[in-house]
Amino acid sequence: RRTYLMVNHKIQLVKDRSRIIFVIALVAKLTVFALVIWRFGAAVSYTDTDARQYLTAGLNFFQHGVFSASSTAPFVPIMFRTPLYSIVLAILHGISAHWWPVFVWLLQDGVMALVAVFMYRELNNYTNERRAFYATLFFAVEPYGLLNGNIATPESLFTACIIVASFLFLRYYRLRNVKTLIWSAIFLSLAILIKPIAQFLPLLTLAGIAMFIRPRRLSIKHGLIFVSVCLLVLAPWLTRNLITFNRLDISSLPSYNLYFYNAAAVVAAQQHIGTATAQTLLLQQATRDTGHTKQDDYFDPKFGPYLRSAALTIIVPHWWLYTRIHLLSLLPFFLNDGYQKLYPLFGITLHNTTSVTLLAAQGQWREITTYVFGRGGLTVFLFSLGKLIWLVVYIGIIVRLRQHWRNKNRAVIPVIIMCFCLIIYFAVLTGPVAAAPYRLPVQSFIFSLLFI
């Protein structure tokens, strides 16, 4: 009877804490929502620069049957964006052509509050209730995450799908429940349809099934089920790309980024020039080779083979320089706070968009000194504050992992492995474009490592 009472007490405690987390998360997000409306008024202009492009593609899909970013006819099909976020924006735009960003923010805030509750309940299976509560609470009220939910950008819904898919996979690993694996595959596929950076995560999941599920026959069976579900969800988009572009790909964006960002970073470091200048040089080279003068033209998937070949021609002979740049890019991924976008809500303008690590790779030391220290005391303080906060978080993770090692705590090993794999995946694939928004999908896993 005593055991029964203890179990009931924990169940009730988890239910109560779930309500607390939901309320705190929602209130925090709606507070930022109110600040955005207050600062920017009825114009509702506080949206991501890509939001209009996402919206246009969605509207064209419903109105003209073509997934295109063209604002006027002819509506040229695109493949560098994946369709799901555009469809969501277009549906909400159909409710109100003026207030659609508000509906987007409210949707994102509500979804992320529910996901926080889901994360808390799942973490309870691997650590004590108090640690699960604090891990989730820190994730739910992290300032940049709060702000991002109130910008029309796909990161929030993408993050929600990644979190749900990942913790469902952990649940599948713990219970060997095929239904849970199917739902994990569905949410992971939805994440891919929101942002193509997730397109290689099914391979990571398959590796996990092959390594940790026994007997072998069961791992093969479950792996085939997982792949089948992913293909079923992605099939309409893949079929469209095959028919329209003769490409069986999720997106043309990886080839574009490889040339105009990764190869450009190598050129910039070699010639000690800025990234924008390096991109201009590469565009000039591409123009000579293809005859197309606009950088946006190279989003077209027909240029994919050229962009990959040209990028690798630059990167491969200088692989060590590229590796150093890639390693340096991990610093902004882990330390950039993104709070410069939050400060305008309080009347503080902080232009903090330059990548100091890329400047270091390019040898522009004077520019680094001017950028960091030449903008006044308040700017230097704010520039350093967020990075210091995240540095403390990572030190705390190291301390916590050492405690697990000493205590030989095997229960948390699956969580640790999953968190590390996902964090490394996004850090590596983000590469030279690393910034705070690209860390959002793994912040839940960072705080999980800190507290479990």
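A residue counts as buried if its relative accessible area is under 20%, as exposed if it is over 50%, and as partly exposed in between. In this predicted model, Glu 155 has a relative accessible area of 5% and is therefore buried.

**Figure 1. Overview of the predicted model.** The protein chain has 19 helices and zero strands. Half of its length is shielded from solvent by the criterion above: 50% of the 452 residues count as buried. The accessible surface of the protein chain comes to about 21600 Å², and carbon and sulfur atoms contribute 66% of that area. Among contacts in the protein chain with a separation of 6 or more, 73% are between residues 24 or more positions apart.

**Figure 2. Close-up of the salt bridge between Lys 195 and Glu 155.** The side chains of Lys 195 and Glu 155 meet at 2.4 Å, N to O. Lys 195 belongs to the loop between helix H8 (178-194) and helix H9 (201-212), whereas Glu 155 is in helix H7 (residues 155-175); the pair links distant parts of the chain, 40 residues apart. Lys 195 has a relative accessible area of 13%, so this residue is buried, and Glu 155, at 5%, is buried too. Lys 195 has a further partner in this view: its charged end sits over the ring of Phe 158, 5.8 Å from the ring centre.

**Figure 3. Close-up of the salt bridge between Glu 129 and Arg 17.** The structure holds five salt bridges. In the one shown here, the closest N and O atoms of Glu 129 and Arg 17 are 2.9 Å apart. Glu 129 lies in helix H5 (residues 129-141) and Arg 17 in helix H1 (residues 2-40), so that distant parts of the chain, 112 residues apart, are linked by the pair. The two partners fall on either side of the 20% cut-off: Glu 129 has 9% relative accessibility and counts as buried, while Arg 17 has 23% and counts as partly exposed.

**Figure 4. Close-up of the salt bridge between Asp 50 and Arg 81.** The closest N and O atoms of Asp 50 and Arg 81 are 3.3 Å apart. Both residues are in loops: Asp 50 lies between H1 and helix H2 (51-64), and Arg 81 between H2 and helix H3 (84-95), so the pair ties together parts that are 31 residues apart in sequence. Asp 50 is partly exposed, its relative accessible area being 29%. Arg 81 counts as buried, at 12% relative accessibility.

**Figure 5. Close-up of the aromatic pair of Tyr 298 and Phe 303.** The structure holds 27 aromatic pairs. Tyr 298 and Phe 303 make a tilted one, with 4.8 Å centre to centre and 50° between the planes. Tyr 298 and Phe 303 are both buried.

**Figure 6. Close-up of the aromatic pair of Phe 334 and Tyr 394 and the cluster around it.** Phe 334 and Tyr 394 pair edge-to-face, 5.5 Å centre to centre and with 90° between the planes. Phe 334 is part of helix H14 (residues 319-335) and Tyr 394 of helix H17 (residues 377-407); the pair links distant parts of the chain, 60 residues apart. Phe 334 has a relative accessible area of 22% and is therefore partly exposed, whereas Tyr 394, at 16%, is buried. Both rings belong to one aromatic cluster that is formed by Tyr 120, Phe 133, Tyr 134, Phe 138, Phe 333, Phe 334, Trp 390, Tyr 394, Phe 447 and Phe 451. Trp 390 of this cluster also takes part in a contact with a charge: the charged end of Arg 439 sits over the ring of Trp 390, 4.2 Å from its centre.

**Figure 7. Close-up of a nonpolar surface patch that includes residues of helix H18.** Phe 200, Leu 203, Phe 420, Ile 424, Val 428 and Leu 429 make a patch of about 530 Å². Helix H18 (residues 413-430) provides the largest share, four residues. Two residues of helix H18 can be followed in this view, Ile 424 and Leu 429. Ile 424 counts as partly exposed at 48% relative accessibility, and Leu 429 as partly exposed at 38%. The C-alpha atom of Ile 424 is separated by 9.4 Å from that of Val 442, which is 18 residues apart from Ile 424 along the chain.

Key: Residues numbered from 1 in each chain as written. Predicted model: local features only at pLDDT ≥ 70, side-chain atom pairs only at ≥ 80, totals over all residues. Heavy atoms only, no water. Phe/Tyr/Trp six-rings, centres within 6.5 Å; stacked < 30°, edge-to-face > 60°. Buried < 20%, exposed > 50% of the residue type's maximum accessible area, 1.4 Å probe, protein only. Lys NZ or Arg CZ within 6 Å of the ring centre and 35° of its normal. Salt bridge = Lys/Arg side-chain N within 4 Å of Asp/Glu carboxyl O. Patch = residues over 30% accessible without salt bridge, like charges linked within 9 Å, V, L, I, M, F, W, Y side chains within 5 Å. Areas by Shrake-Rupley, 256 points an atom, 1.4 Å probe, with all protein chains shown as cover. Contact = heavy atoms within 4.5 Å.
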